[in-house]
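Work through the exercises below with the sequence and the model open. Each task is followed by a solution in steps.

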Amino acid sequence: MDKIYFVTGIDTDAGKSIVTGMIARYLADRGINVVTQKMAQTGCVGLSEDIETHRRIMGIELLPEDYGGLTCPYIFKFPASPNLAASIEGAAIETHRITEVTTALSEKYDVVIVEGVGGIMVPLNESETVADYIGQTMYPVIIVASAKLGSINHTLLTLELCRNRNLDVRAIVYNTYLATDPLITETTADNLKKSIVQYYPEAMFIEFPEWRENSLPLDFSGIFGV
């Protein structure tokens, strides 16, 4: 099992936060000392709303690292890309700072699950995107795809970029929670299963059904081996 994993989406609101929390809950239930991190958060003040979602799904209280800013080193009020939200506040995201806090967390925890922001090409600053950051760190990637119209295109573009940059994709988690039409959901799933065989034949395809607060954790054993 790797020490650090990165969860990215095919676009915003794909379900990254819920999937990240469910992964952490799955690992914790198996006795693994796991923590989640949000690389940056926009549209909120103070504590990261996504980190709060992770903790709620994990069934635990907020951690000292949450209050200390280690699990989300950048929080901005304006709901936009991190680059724009930071510039509005006269700030800039330095990716080395994100890596530093991830490293610090990995020294205390067995596994760190890092949640990205929006899709994989979201700009973090004037010169770096989420994809650039993953390429720098080479964390194994878990892609969250949705069952909405347009998801095939967004997912294939994400997979193509990952392949071109030699990123290590471990799984696609297909989130059906926001499904709009049963036929679209079914045919999109069939298409993505074929695509992941083409792009990353060793990666997992995991279907994520409608989620509730008391939903049982998904089976992520194919990713983590536990």
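**Exercise 1. The sheet**

Task: determine the strand order of the open sheet and which strands form the edges.

Solution. Step 1: in this predicted model, the open sheet has 6 strands in the order β2-β5-β1-β6-β7-β8, with parallel pairing. Strands here are DSSP runs of E with at least two residues and helices are runs of H or I with at least four, numbered from the N terminus; two strands pair if DSSP finds at least two bridges between them.

Step 2: β2 (34–38) and β8 (204–208) are the edge strands, each pairing on one side only. From one strand to the next, the twist averages 20 degrees.

Before the next exercises, two conventions apply. Residues are numbered from 1 along each chain as its sequence is written, and side-chain values use heavy atoms, with hydrogens and water left out. Because the model is predicted, local features need pLDDT of at least 70 and side-chain atom pairs count only at pLDDT 80 or more, while totals for chains, interfaces and linings use all residues.

**Exercise 2. Strand β7 and its partners**

Task: how many bridges join β7 to β8, and how many join β6 to β7?

Solution. Step 1: β7 (residues 169–175) pairs with β8 in the parallel sense over 5 bridges, and N175 stands opposite F208 in β8.

Step 2: the parallel pairing of β6 and β7 runs over 6 bridges. Here A145 stands opposite Y174 in β7.

Step 3: β7 is largely enclosed by the rest of the structure, because 6 of its 7 residues are buried. Buried means under 20% relative accessible area, exposed over 50% and partly exposed in between, with a 1.4 Å probe and protein chains only.

**Exercise 3. Two residues in strands**

Task: are S146 and G119 buried or exposed?

Solution. Step 1: S146 lies in strand β6 and is buried, its relative accessible area being 0%. Setting aside neighbours within four places in sequence, S146 is in contact (heavy atoms within 4.5 Å) with I10, A14, S151, Y174, N175 and T188.

Step 2: G119 belongs to strand β5 and counts as buried at 10% relative accessibility. The residues touched by G119, not counting those up to four places away in sequence, are T8, G9, I10, D11, T12 and V130. D13 is 106 residues from G119 along the chain, and their C-alpha atoms are separated by 9.2 Å.

**Exercise 4. Helix pairs**

Task: classify the angle of α7 with α8 and that of α1 with α2.

Solution. Step 1: the axes of α7 (residues 151–164) and α8 (residues 182–199) come within 10 Å and cross at roughly 10 degrees. α7 is therefore roughly parallel to α8. Axes are lines fitted to C-alpha atoms, for helices over the stretch in contact, and angles run from 0 to 180 degrees between N-to-C directions. Angles under 35 degrees count as roughly parallel, over 145 as roughly antiparallel, 65 to 115 as roughly perpendicular and the rest as oblique.

Step 2: α1 (residues 16–29) and α2 (residues 49–58) pack at about 40 degrees with axes 8 Å apart, which means that α1 is oblique to α2. The contact involves S17, I18, T20, G21, M22, A24 and R25 of α1 and D50, T53, H54, I57 and M58 of α2.
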